[in-house]
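Trainee: I am new to this structure and should like a close look at one single part of it. Please describe that part in detail and then place it among its surroundings.

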Amino acid sequence: MSSLIDLSGRKFGYWKVIERSLNTKSGQTTWLCECKCGKRKIVQSSNLRNHSSESCGCIRKERLSQRNTKHGMTETRLYGIWRNMIQRTTNANNPRYRDYGERGITVCRAWKEDFRVFEKWAIENGYAENLTIERKDNNKGYYPDNCRWATKKEQNINTRQNHCLTFQGETKSIAEWAEITGIKRRVLSDRINKLGWSAEKALSTPIRFQNKKQP
């Protein structure tokens, strides 16, 4: 059996080895390590020496940041759209997180990790300076098949049509309620947005009894 090599005090990437820790159940040697950011973690000796573990995650984040700032696009409108999309879906301190991240709205991994991938999709799918990114289904996340570029007017129409209504303890989009009740989505949208009806009245009033002049 080979003698143990003391790694105390040595550095591997952003890890600094503090002291020996308990072996794993399979007998692998482990060490208590401290990352550059101050976070501590138990890391196997083999993962340190073959560089498969170099930090608590800091190096990966820095590399992604560097990759996304070397493209010279950080001051562009498209980069701002990408950055804000990620912020409102991942940052709990973002003012819009409640309507996105908290609802389970996410950004696909390919876009989230590399602005260039998002940029390529944007250009190939008609991006223009007067357009904004829109999700076809507002209950799903940001990924190629669920996104398109639209004018503000088009996006506002889609937002109204997908407005969520709560009725009898269930919350669903207008599109979903239309499918359930058999009342056309446009009719439901008009009842809510133009006539100012309550969700209960809009969803429980049959078409044949609708009076558009009724407040």
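Mentor: The account below takes helix H5 as its subject and then moves outward to other parts of the chain.

The model is a predicted one, in which local features need pLDDT of at least 70 and side-chain atom pairs count only at pLDDT 80 or more, while totals for chains, interfaces and linings use all residues. Residues are numbered from 1 along each chain as its sequence is written, and side-chain values use heavy atoms, with hydrogens and water left out.

Helix H5 spans residues 115-124; helices (H or I, at least four residues) and strands (E, at least two) are DSSP runs, numbered from the N terminus. Its N-terminal end is capped by Asp-114, which places a side-chain oxygen 2.9 Å from the backbone nitrogen of Arg-116. Such a polar contact is a pair of N or O atoms within 3.5 Å; within protein, one must be able to donate a hydrogen and the other to accept it, and residues adjacent in sequence count only if both atoms are side-chain atoms. After H5 comes Gly-126, whose phi is positive, near 85°.

The helix has two contrasting sides. Phe-115, Phe-118, Glu-119, Trp-121 and Ala-122 of H5 are buried, a term for under 20% relative accessible area, with exposed meaning over 50% and partly exposed in between (1.4 Å probe, protein chains only). These residues cover an arc of only 165° around the axis, which puts them on the same side of H5; the arc is that of the directions from the helix axis to the C-beta atoms. On the other side of H5, the exposed residues are Lys-120, Ile-123 and Glu-124.

Two residues of the exposed side also meet each other. Lys-120 and Glu-124 form a salt bridge in which the closest N and O atoms are 2.7 Å apart. The term denotes a side-chain nitrogen of Lys or Arg within 4 Å of a carboxyl oxygen of Asp or Glu. About one helical turn separates Lys-120 from Glu-124, as they stand four residues apart in H5.

The buried side of H5 takes part in ring contacts. Rings of Phe, Tyr and Trp (its six-membered ring) pair if their centres lie within 6.5 Å; planes under 30 degrees apart count as stacked, over 60 as edge-to-face and the rest as tilted. The structure holds 11 aromatic pairs. In one of them, the rings of Trp-82 and Phe-115 have centres 5.5 Å apart and planes at 70°, so this pair is edge-to-face. It links distant parts of the chain, with Trp-82 in helix H3 (residues 77-90) and Phe-115 in H5, 33 residues apart. Trp-82 and Phe-115 are both buried. Trp-111 and Phe-118 likewise form an edge-to-face pair, with ring centres 5.1 Å apart and planes at 75°, and both of these residues are buried. Ring pairs further join Trp-111, Phe-118, Trp-121, Tyr-127 and Trp-149 into a cluster.

Beyond H5, the salt bridges offer further points of reference. The structure holds five of them. Glu-113 is joined to Arg-109 with the closest N and O atoms 3.1 Å apart; both lie in helix H4 (residues 109-113), four residues apart, about one turn of the helix. Arg-109 is exposed, at a relative accessible area of 62%. Another salt bridge brings together the side chains of Glu-134 and Arg-148 (2.7 Å, N to O). Glu-134 belongs to strand S5 (residues 132-135) and Arg-148 to strand S6 (residues 147-150), so the pair ties together parts that are 14 residues apart in sequence. Glu-134 is buried at 3% relative accessibility, whereas Arg-148 is partly exposed, with a relative accessible area of 37%.

Two features elsewhere complete the surroundings. An open sheet of four strands has the order S1-S2-S3-S4, with antiparallel pairing; two strands pair if DSSP finds at least two bridges between them. Strand S1 (11-12) and strand S4 (40-44) stand at the edges with a single partner strand each, so one side of each is left without a neighbour in the sheet. In the loop between helix H1 (45-49) and helix H2 (58-69) lies His-51, which has a positive phi of about 65° although it is not a glycine. Most residues other than glycine have a negative phi. His-51 is partly exposed, with a relative accessible area of 47%.
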